[in-house]
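Q: Please examine closely the contact between the two chains in this model. I should like a connected account of how the copies are related and what each side contributes.

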There are 2 protein chains.
Amino acid sequence: MHTKNINTHRIEISDSFSAAVSVDCVIFGFDENELKVLLIESDLNEFKGKWSLLGDIMHPEEDLESAAYRVLRERTGLEDVYMEQVQAFGAVNRHPVGRVVTIAYYSLVNISHVELKTHNNELHWHAIKDLQDMAFDHRDILQTCLERLQHKVIQQPVGFNLLPRKFSLRELQNLYEAILDVKLDRRNFRKKFFAMDYLIDLNEEEQEVPHRPARLYKFNHEKYNQQRKKNLGF
Amino acid sequence: MHTKNINTHRIEISDSFSAAVSVDCVIFGFDENELKVLLIESDLNEFKGKWSLLGDIMHPEEDLESAAYRVLRERTGLEDVYMEQVQAFGAVNRHPVGRVVTIAYYSLVNISHVELKTHNNELHWHAIKDLQDMAFDHRDILQTCLERLQHKVIQQPVGFNLLPRKFSLRELQNLYEAILDVKLDRRNFRKKFFAMDYLIDLNEEEQEVPHRPARLYKFNHEKYNQQRKKNLGF
């Protein structure tokens, strides 16, 4: 078959412009030592009562990333959060309404900063480890985004976006354990983090906790950004 | 603005289905110690004579990945090659014909296995370091795919897909230097590769070369796949 190449020929076939492009946002949060994702209940007949990611059709006048930020802002009230495009999902029958190719983004938010805007459909934070069936191919999309996040947190300290500004080492370890779904050795974990030297000891302790209060730290963004510039290369 | 959520409401607005989705393939090859990319000359008025990536509109009945493999097969005759989706590019005015969101893939091929199928437009392997201006946003797409490849070759030995089956350590180092655009220390490079123990010494030497013939090696795919399964985790 001889192809009409979109990069070399003007397209005469008007039905090339017959797909819809959407964005779907995997919004990760961390709460009660669990990695969570923000989901909305679908009321499409095909997926009645099932949970789906937050997404929308890209508008004609907006870029993909703008569409993803719009979805996030409209549902959580947040603007300035960590967000990363992961990949496109385009299986032929992935959406019952027609050919919809969706671009998946994940973002990392501090749950306590989120003000949920529900409109008509129920919106809920779900612990990822308890999630089973979802609407559309959203379980696949979530899994792919989770794997990207797992890969990323080993390489870059993006996980701090999910924590409060002040946190204990126990909270930090809980976060990594929740994201990577493994148990980590307490001593090794602390040693590794202190060696990287990105934690600032605040000389404060946790308040009103049911256990012995732990020391609080914050992440040294400035130092990390300096180091990062130095470490580029093989 | 109150959004019609594509995951919760049946879409009545028919003009949601008015975008085109394409795939663009960054086909990397390695030849004469240079990292190259396969490009086609555009004859769209807007980009007359400029070089563009190989791409095409996704057909209604095919998945994104199938479309990318189709483009590759039609132009190079190759089927079974390393290919990876990188991300979607969807700036509002990226294509002069209309709203076209493109999904970028990169693939790694052995140039000597490629049979170029030119049809009407000129097709050519370009050294990446010499490339300047390109059609559309293809320079950005190429750069993003190159960065993904650079990231990947540090983590996984995918670079072997660009080499002949039998190669010398000099060729291997040249490949890494071309991809990463750095000079590497010969002794450290060899030490690192021998430590990973993925090279099989073929007890053969190069034939008909203008310099002292070097020993030839091949990549131990089996051992690598075994190791990889063991190394998952933090």
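A: In this predicted model, a turn of 180 degrees with a shift of 0.0 Å along the axis lays chain B on chain A with an RMSD of 0.0 Å. The two copies are therefore related as by a two-fold rotation axis. The same surface serves both copies, since 100% of the contact residues of chain B recur in chain A.

The contact itself draws 53 residues from chain B and 53 residues from chain A. On the side of chain B that touches chain A, at least two residues each come from strand S1 (20–31), strand S4 (54–57), helix H1 (64–76), strand S5 (82–89) and strand S6 (100–108) of chain B. By class, this side of chain B comprises 27 nonpolar, 18 polar and eight charged residues.

A further contact lies within chain A, whose domain assignment gives domain 1 (18–154) and domain 2 (166–230). The C-alpha centres of domain 1 and domain 2 of chain A are 28 Å apart, and seven residues of domain 1 of chain A are in contact with six residues of domain 2 of chain A. On the side of domain 1 of chain A that touches domain 2 of chain A, strand S2 (34–41) and helix H2 (138–155) of chain A each supply at least two residues. H2(A) gives the most to that side, with three residues. The residues of this side of domain 1 of chain A divide into four nonpolar, two polar and one charged.

Definitions and conventions
Residues are numbered from 1 along each chain as its sequence is written. Chains are lettered from A and ligands numbered from 1 in the order in which they are written. This is a predicted model: local features need pLDDT of at least 70, side-chain atom pairs count only at pLDDT 80 or more; totals for chains, interfaces and linings use all residues. Domain bounds come from an automatic or database domain assignment. Two residues are in contact if their C-beta atoms, placed from the backbone, lie within 7 Å. Helices (H or I, at least four residues) and strands (E, at least two) are DSSP runs, numbered from the N terminus. Ala, Val, Leu, Ile, Met, Phe, Trp, Tyr, Cys and Pro count as nonpolar, Asp, Glu, Lys and Arg as charged, and the others, Gly among them, as polar. Copies are superposed by least squares on the C-alpha atoms of residues with pLDDT of at least 70 in both.
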